[in-house]
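Open the model in your viewer and keep the selection box at hand. We will go from one selection to the next.

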Amino acid sequence: MEKIVIHRPGGFNRLQFETFPDPLPGENQVVVQTKSIGVNYADCVVRMGYYASAKKYIGWPITPGFEFSGVVSVVGKNVGDLAAGTRVFGVSRFDSYASHVVVPRSQLYFLPEHISFEEAAGFPVIYLTAYYALYMLVHIFPGSTILIHSAAGGVGSALLQLAQLGDWRTIGVVGSSHKVEEAKELGADWVIDKSKENLWQMVEKYAPQGLDAVLDGNGVTTLREGYTHLRPTGKLISYGYHAMFARENSILNHLKLIYSYLRTPRFHPIDLHNNNRSLASFNLSFLFDRGDLLEIAMRSLYSWFTEGKIRMPKVTVYPFREVSRAHRDLQSGKTVGKLVLNL
Ligand SMILES: NC(=O)c1ccc[n+]([C@@H]2O[C@H](COP(=O)([O-])OP(=O)(O)OC[C@H]3O[C@@H](n4cnc5c(N)ncnc54)[C@H](OP(=O)(O)O)[C@@H]3O)[C@@H](O)[C@H]2O)c1
């Protein structure tokens, strides 16, 4: 088998290809021969060496990757409902950037013929993130107005699609004009192009009463204003910090990170109380031990996905060998939708 291995933190050239003996499954485990692998911004953060759960669970060297699709290669003891050749997709805590992935049976889902390997590989992480934020972490009432940053990106697209199911009004924010159409097609009621418009003036225009929720994957650049623009009872959900990082790799990246960390707003619980607003955060990669939550979330998401009630955003496919280019593009901040690697 072939894996992408990172031996120490750094730039795109740290993504090395290495060969290993084919893996064997343990009890209740399955080996999947991968066809497509989802690429997430988190994988870039793992590569740069700043991802807390990567340090906690793996250390160095590490093979990144949280999601994949493919065909079953070998099944372990006690796995009765899968056979070699079955089309599946699934999630893993790291290790998906490989030609073969070994996971517990509970982390695999049947892949119907009408859904492609590319779409399925990119589905779980963005939708689990969006589902956890909107359905498990906070309760948002029908008719609410929610602000979604990076709305044409992976997680942003999933948030827009789920918000439509929930009958919520959405304001999608994009950082470049070429993303506006995609955000509209994904269901945003209003799109703010912050490369051309004043973000917070436009928010005040579309939500004069204030926002019911803000879904923020940026971090330092927007958290403070997002909080200020909540109406009483509003919720700020902070799930990512990509604005801390430079859009290219250089020594500046490390300096920018420290500066951004120091400038990230701190919220005092007594202020939250007095303003009647909430702040919530989470990291999916620490949630793998909560198989019960994963099962509840995937049960709904799987049926909506396979029945066509939610769809994948635009998927851009890169050959497995061009993983560095995929990371470079994702870090540039210019991509739309989801990136996947194909074997
Ligand atoms: N908490 C969790 O469990 C969890 C799970 C999955 C993802 N996430 C987080 O969710 C966010 C989105 O992840 P994704 O994989 O779906 O990525 P993505 O949204 O497809 O791509 C990142 C987007 O972020 C914006 N951006 C702003 N500053 C940036 C910078 N300095 N460098 C690169 N992009 C920048 C760009 O969009 P605009 O310019 O249009 O804003 C860019 O397209 C990330 O912060 C990720 O870490 C968190």
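Which atom of the ligand lies 2.9 Å from a backbone N or O atom of Tyr239? Select Tyr239 and the ligand together: the partner is a nitrogen atom of the ligand. Bear in mind that this is a predicted model.

**Stop 1: around the ligand**

Stay with the ligand and add Tyr41. A backbone N or O atom of Tyr41 lies 2.9 Å from an oxygen atom of the ligand. Now add Arg247. Here the contact comes from the side chain: a polar atom of Arg247 lies 3.3 Å from a nitrogen atom of the ligand.

Switch on a surface. On its own the ligand has 910 Å² of accessible area, and the protein covers 94% of that. Two elements give two or more residues each to the surrounding shell: α4 (154-165) and α11 (323-332).

Next, select the whole shell. It holds 27 residues, the closest being Ser150, Gly154, Gly175, Phe245 and Leu284. Colour the shell by class: 10 residues are nonpolar, 15 polar and 2 charged.

**Stop 2: a stacked pair**

Hide the ligand and show the aromatic side chains. The structure holds 19 aromatic pairs. Select Phe89 and Tyr302. Their ring centres are 6.2 Å apart and their planes meet at 5°, under the 30 degrees that defines stacking, so this pair is stacked.

Now show the ribbon. Phe89 belongs to strand β5 (residues 87-91) and Tyr302 to helix α10 (residues 291-306), so the pair ties together parts 213 residues apart in sequence.

Buried or partly exposed: what is each partner? Phe89 has 1% relative accessibility and counts as buried. Tyr302, at 24%, is partly exposed.

**Stop 3: a tilted pair**

Stay on helix α10 and pick Trp304, then add Tyr131 from helix α3 (residues 117-137). These two are 173 residues apart, so to speak of sequence, and they link distant parts of the chain. The rings sit 6.1 Å centre to centre with 45° between the planes, a tilted pair. Both Tyr131 and Trp304 are buried.

**Stop 4: the aromatic cluster**

Return to Phe89 and Tyr302 and widen the selection. Add Tyr109, Phe123, Tyr127 and Phe305: with the starting two, they form one aromatic cluster.

**Stop 5: charges over rings**

Select Arg93 and Tyr57. Arg93 lies over the face of Tyr57, 3.5 Å from the ring centre. Finish with Arg321 and Phe17. The charged end of Arg321 sits over the Phe17 ring, 4.2 Å from its centre.

Terms used
Residues numbered from 1 in each chain as written. Predicted model: local features only at pLDDT ≥ 70, side-chain atom pairs only at ≥ 80, totals over all residues. Heavy atoms only, no water. Phe/Tyr/Trp six-rings, centres within 6.5 Å; stacked < 30°, edge-to-face > 60°. Helix = DSSP H or I, 4+ residues; strand = E, 2+ residues; numbered from the N terminus. Buried < 20%, exposed > 50% of the residue type's maximum accessible area, 1.4 Å probe, protein only. Lys NZ or Arg CZ within 6 Å of the ring centre and 35° of its normal. Near = heavy atom within 4 Å. Polar contact = N/O pair within 3.5 Å; in protein donor to acceptor, adjacent residues only side chain to side chain. Areas by Shrake-Rupley, 256 points an atom, 1.4 Å probe, with all protein chains shown as cover. Nonpolar A, V, L, I, M, F, W, Y, C, P; charged D, E, K, R; others polar.
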